[in-house]
Amino acid sequence: MSAASARLDPQNEITTIDRRLFGGFVEHLGRHIYDGIFEPGHPSADAEGFRTDVIELVKELGVTTIRYPGGNFVSGYRWEDGIGPVSERPRRLDLAWHTTDTNEVGLHEFQAWLDRVGSQLMLAVNLGTRGTQEALDLLEYSNVSAQTAWTDRRVANGRENPFAVSMWCLGNEMDGPWQIGHLNADDYGKLASRTAKAMRMIDPSIELVACGSSGRDMPTFGTWERQILEHTFDDVDFISCHSYYQEHRGDAQEFLASGVDMSKFIESVAAIADSVAATKKSEKRIMISFDEWNVWYLRNDDNDAESGHEYKGGEWPVAPRLLEDRYHALDAVVFGDLLITLLQHSDRVRSASLAQLVNVIAPIMTEPGGPAWRQTTFHPFSITSRLAQGRAVRVPVDAGTFTSERFGEVSAVNAVATIDGEGASLFLTNRSTTDATDLTVDLAAIRPAFGHDVHIVESHLLHEDDMYAANSLEDTERVGVRAATAAISDSTLSISLPAVSWVAIRLA
Ligand code: AHR
């Protein structure tokens with residue numbers, strides 16, 4: 001058993017949190033839409049074919065925005081295929097995932113689903129096989145109220161009022177050689193800049209995201225950011241970061257340091273954006289949209305039985321089982337730590353999207369005709385999204401360390417807090433695989449604001465003695481959260497953190 005100490009002090013404020021930090025991502029991929037959120041024959045389906053059991057879980061998850069429709073998929077997508085009478089919509093090959101899209105769900109249906117789950121739409125435009133004109137058409141169709149040929153079509157398709165989409169991604173992962181229409185940084189920078197300028201001529205109020213690197217390990221990382229921002233600096237508000245983590249070769253301790261990698265990624269991109277600002281003698285700060293993050297093991301190109309789909313030249317299945325990762329308790333602790341990392345950088349990361357939401361590398365799983373259930377990662381997300389309100393506050397921790405191959409000495413305990421009008425929330429991970437820790441948190445600095453009777457309103461612990469325990473169709477509730485062991489005496493909060501654990505505490 002180790003001991004650690006920390007101090008919760010409102011003076012250590014990072015920023016007021018942008019609630020878009022708790023966004024999600026829905027791609028036309030595998031069983032995400034079809035046989036995921038949309039399954040007309042399911043006993044819980046509503047009149048539009050959406051599963052209401054999934055809607056309830058998405059609401060409980062608490063995703064504030066949803067990026068749509070991709071992902072790699074968007075780089076071959078014709079958005080017009082998804083509007084108008086469903087019976088007249090074309091079936092199309094999706095080259096990104098080697099499947100067939102029936103287009104039964106498009107912009108109108110997806111917005112109707114979002115209205116039910118209570119999240120805001122964030123749209124990505126296709127800059128892979130298409131370009132500026134198609135992006136303008138989609139923006140006009142979505143956001144304009146003046147009468148035009150496009151808005152007449154929107155009204156004819158049942159939507160009088162504009163969709164009023166405020167955040168737009170200028171393509172997806174255009175640095176990746178796998179991307180349909182992959183570009184070099186110069187070509188992408190020029191295309192993104194002229195598309196952004198033209199889009200703002202239609203709607204100056206929109207916020208635009210330029211594609212950053214699809215990972216910090218990309219060979220072009222860094223130069224890509226600098227070059228594309230040299231072209232787009234005045235035209236965009238955000239640059240994207242994407243990052244997926246996994247345990248390699250059973251090295252759980254190294255996997256638990258993933259948050260350090262995410263931190264370095266964010267800090268590097270912010271530094272590059274600020275260096276471009278400096279050369280332009282500009283005070284503008286480009287913000288980060290961390291619009292794909294998660295733990296991810298199964299890759300489509302693994303071409304293995306587990307991914308449930310093999311590439312075959314002539315086979316283009318509809319909604320096959322793709323990337324259906326099953327998450328264990330260790331994944332959920334790393335995942336919770338990534339959320340802590342995002343909050344620690346919430347002054348720069350003003351938007352983030354958990355990739356993805358249902359069935360595909362997802363916190364929610366479904367079985368056709370059967371149940372929907374929460375994966376282990378569901379819990380840290382829903383609890384953090386609900387409790388992390390108001391201002392984010394840095395919580396320095398004095399704790400033991402472990403040695404990471406990539407990052408050297410890493411603190412075993414990671415923490416962040418939020419403070420709002422009603423109370424404070426503390427989020428913690430014990431990233432050590434070997435040592436449980438007794439943590440004490442000095443609350444003296446928050447007592448004046450809270451009165452003298454600071455008490456614990458709720459506490460949550462995610463920990464399993466078997467860190468590879470997971471939920472499944474056979475046992476949908478195997479892993480959940482339970483109350484943490486925590487108490488307050490005088491001005492000190494004491495919390496027990498088992499090895500490999502995630503904890504949230506609400507104080508009022
Ligand atoms: O989220 C799965 C895929 O990961 C997305 O389609 C792509 O953008 C990324 O490479």
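The following exchange asks how some statements about this predicted model are reached.

Reader: What makes Phe 25, Glu 27 and Trp 97 part of the ligand's surroundings?
Author: A residue is counted if one of its heavy atoms lies within 4 Å of the ligand. Phe 25, Glu 27 and Trp 97 are listed around the ligand, and so are Gly 71, Asn 72, Asn 172, Glu 173, Tyr 244, Glu 292, Trp 296, Gln 356 and Ile 361.

Reader: How many residues of each class does the shell around the ligand have?
Author: Five are nonpolar, four polar and three charged. Gly counts as polar, so Gly 71 falls in that class.

Reader: Why is the pair formed by Glu 173 and the ligand called a polar contact?
Author: The cut-off is 3.5 Å between N or O atoms. A side-chain N or O atom of Glu 173 is 2.7 Å from an oxygen atom of the ligand, so the pair qualifies. Gln 356 has such a pair at 2.9 Å, and Asn 172 has one at 3.0 Å. On its own the ligand has 280 Å² of accessible area, and the protein covers 95% of that.

Reader: What makes the set around Trp 113 and Trp 168 a nonpolar core?
Author: Its members are buried residues of nonpolar types, joined through side-chain atoms within 4.5 Å. This largest core has 126 residues, and Tyr 188, Met 199, Phe 290 and Trp 293 are also among those with the most contacts inside it. Helix α9 (residues 329-344) supplies its largest share, eleven residues. Another core, of 26 residues, lies apart from it and includes Val 395 and Ile 446.

Reader: Which residues is Trp 293 in contact with, leaving aside its neighbours within four places in sequence?
Author: Among them are Phe 335, Leu 338, Leu 339, Leu 342 and Phe 381.

Technical notes: Residues are numbered from 1 along each chain as its sequence is written. This is a predicted model: local features need pLDDT of at least 70, side-chain atom pairs count only at pLDDT 80 or more; totals for chains, interfaces and linings use all residues. Side-chain values use heavy atoms; hydrogens and water are left out. A polar contact is a pair of N or O atoms within 3.5 Å; within protein, one must be able to donate a hydrogen and the other to accept it, and residues adjacent in sequence count only if both atoms are side-chain atoms. Accessible areas come from the Shrake-Rupley method with a 1.4 Å probe; for residues, only the protein chains shown count as cover. Buried means under 20% relative accessible area, exposed over 50%, partly exposed in between (1.4 Å probe, protein chains only). Helices (H or I, at least four residues) and strands (E, at least two) are DSSP runs, numbered from the N terminus. Contact means heavy atoms within 4.5 Å.
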